[in-house]
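The following exercises are to be worked with the sequence and the three-dimensional model at hand. Each task is followed by a solution in steps.

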Amino acid sequence: REDEVWLQAQYDAPVGDHLLLRPGIVLGAARGWFAASNAGIGFSEAWRTKLALLGGLSVKAELRADPGRGPFLMAQYRYCRAGAGEAQETVISNRVSNPDNRDARFRWQEHEASLGLGYRWATLEPTAGVAYTDFRLKKWLHYDIPEAEASGVDLELVRALNSEESEYHYENKNPWAAFLELRWQAAPAWALTARGTLSGGDGYSTSLSVSF
């Protein structure tokens with residue numbers, strides 16, 4: 001799970017009367033909540049990261065019959081990346097395990113491409129479509145296990161773990177999800193947008209946009 005707050009700057013670049021391109025940049029903050037488990041060895045872990053700087057790029061294209069009203073086809077691509085160290089760790093294990101003996105840092109990135117069909121009338125603009133999300137996470141673990149109480153094979157294992165970082169890679173298994181989005185043009189320069197994911201990974205967002 002990832003909680004995000006961001007500011008996005010976009011520029012409207014009309015191409016004739018029927019095509020609008022909207023490139024943008026994203027800058028904000030994010031916090032990750034990651035969990036992993038291995039039932040075979042009776043081990044599970046959960047992490048909460050420190051607050052991370054979030055940065056990215058976006059581009060949106062809108063093909064419309066009329067600039068001010070009627071149906072339109074929307075395509076959008078968004079890329080974001082963030083990284084942070086651990087703030088909290090919880091471990092459940094059949095073996096003796098002490099979270100204080102290791103530290104983790106994380107880096108994650110997300111590519112999202114979405115395609116939707118919408119309709120614009122008056123101040124409302126509903127859109128429905130499908131999104132493809134490619135999420136990748138890297139985790140590095142650094143161990144600092146005391147060697148005083150270990151001997152034999154256990155001591156060799158402790159020294160091997162302490163010698164260098166361990167690296168792990170994760171990615172999402174269900175990249176496709178349907179979404180619904182509703183935009184309300186509250187005033188000529190102000191608009192509110194709410195979006196919800198209906199399948200795959202749950203996701204909800206609200207945004208306020210100001211045009212000038």
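**Exercise 1. An aromatic pair**

Are Phe34 and Phe106 buried or exposed? Determine also how their rings are arranged and where they sit in the chain.

Solution. The model is a predicted one.

Step 1. Phe34 and Phe106 are both buried; the cut-off for this class is a relative accessible area under 20%.

Step 2. The structure contains 5 aromatic pairs. One of them is formed by Phe34 and Phe106, with 5.3 Å from centre to centre and 35° between the planes, a tilted arrangement.

Step 3. This pair connects distant parts of the chain: Phe34 belongs to strand β3 and Phe106 to strand β7, 72 residues apart.

Step 4. Through ring pairs, Phe34 and Phe106 join Trp47 and Trp108 in a cluster.

**Exercise 2. The nonpolar core**

Establish how many residues form the largest nonpolar core and which strands supply them.

Solution. Step 1. The largest nonpolar core comprises 16 residues, and Phe34, Phe106, Trp108 and Leu137 have the most contacts inside it.

Step 2. At least two residues of this core come from each of β3 (19–38), β5 (52–64), β6 (70–93), β7 and β8 (124–143).

Step 3. Strand β8 gives the largest share, 4 residues.

Step 4. The surroundings of Phe106 can then be listed. Beyond four places in sequence, Phe106 touches residues including Phe34, Trp47, Leu137 and Trp140. Its contacts also include Glu86, Lys138 and Lys139.

**Exercise 3. The end of strand β7 and the loop after it**

Describe Arg120, the ring pair of Tyr119 and Trp121, and the backbone of Ala122.

Solution. Step 1. Arg120 lies in strand β7, which spans residues 102–120. With a relative accessible area of 11%, Arg120 falls under the 20% cut-off and is therefore buried.

Step 2. Two polar contacts of the Arg120 side chain can be traced. One reaches the side chain of Glu62 at 2.9 Å, and another joins the side chain of Glu125 at 2.8 Å.

Step 3. Apart from residues up to four places away in sequence, Arg120 touches Glu62, Asp66, Pro67, Gly68, Arg69, Gly70, Phe72 and Glu125.

Step 4. Tyr119 has a relative accessible area of 38% and is partly exposed. Trp121, at 42%, is likewise partly exposed.

Step 5. The ring centres of Tyr119 and Trp121 are 5.5 Å apart and the planes stand at 55°, so this pair is tilted. The tilted class covers plane angles that are neither under 30 degrees nor over 60.

Step 6. Ala122 is located in the loop between β7 and β8. Its relative accessibility of 73% is over the 50% cut-off, so Ala122 counts as exposed.

Step 7. Most residues other than glycine have a negative phi. Ala122 has a positive phi of about 50° although it is not a glycine.

**Exercise 4. Two loop positions**

Locate Gly42 and Leu51, and compare distance along the chain with distance in space.

Solution. Step 1. Gly42 is in the loop between β3 and β4 (43–49), and its relative accessibility of 25% makes it partly exposed.

Step 2. Gly42 and Ala52 are 10 residues apart in sequence, yet their C-alpha atoms are 31 Å apart. Leaving aside neighbours within four places, Gly42 is in contact with Ile92, Ser93 and Asn94.

Step 3. Leu51 occupies the loop between β4 and β5 and is exposed, at 57% relative accessibility.

Step 4. Leu51 and Asp3 are 48 residues apart along the chain, while 9.8 Å separates their C-alpha atoms. Leu51 is in contact with Ala29, Ala30, Arg31 and Ala84, neighbours within four places left aside.

**Exercise 5. The overall form**

Why is the protein described as more spread out than a compact globule?

Solution. Step 1. The secondary structure consists of 1 helix and 12 strands, in the order β-β-β-β-β-β-β-β-α-β-β-β-β from the N terminus.

Step 2. For 212 residues the globule rule gives 17 Å, whereas the radius of gyration is 23 Å, well over that value; the protein is therefore more spread out than a compact globule.

Step 3. Along the principal axes, the C-alpha atoms fill a box of roughly 75 × 30 × 25 Å.

Step 4. Of the 212 residues, 32% count as buried. The protein exposes about 13400 Å², of which carbon and sulfur atoms supply 58%.

Technical notes: Residues are numbered from 1 along each chain as its sequence is written. This is a predicted model: local features need pLDDT of at least 70, side-chain atom pairs count only at pLDDT 80 or more; totals for chains, interfaces and linings use all residues. Side-chain values use heavy atoms; hydrogens and water are left out. Buried means under 20% relative accessible area, exposed over 50%, partly exposed in between (1.4 Å probe, protein chains only). A polar contact is a pair of N or O atoms within 3.5 Å; within protein, one must be able to donate a hydrogen and the other to accept it, and residues adjacent in sequence count only if both atoms are side-chain atoms. Contact means heavy atoms within 4.5 Å. A nonpolar core is a set of buried Ala, Val, Leu, Ile, Met, Phe, Trp, Tyr and Cys residues joined through side-chain atoms within 4.5 Å. The radius of gyration is taken over C-alpha atoms; the globule rule is 2.2 Å times the number of residues to the power 0.38. Accessible areas come from the Shrake-Rupley method with a 1.4 Å probe; for residues, only the protein chains shown count as cover. Rings of Phe, Tyr and Trp (its six-membered ring) pair if their centres lie within 6.5 Å; planes under 30 degrees apart count as stacked, over 60 as edge-to-face and the rest as tilted.
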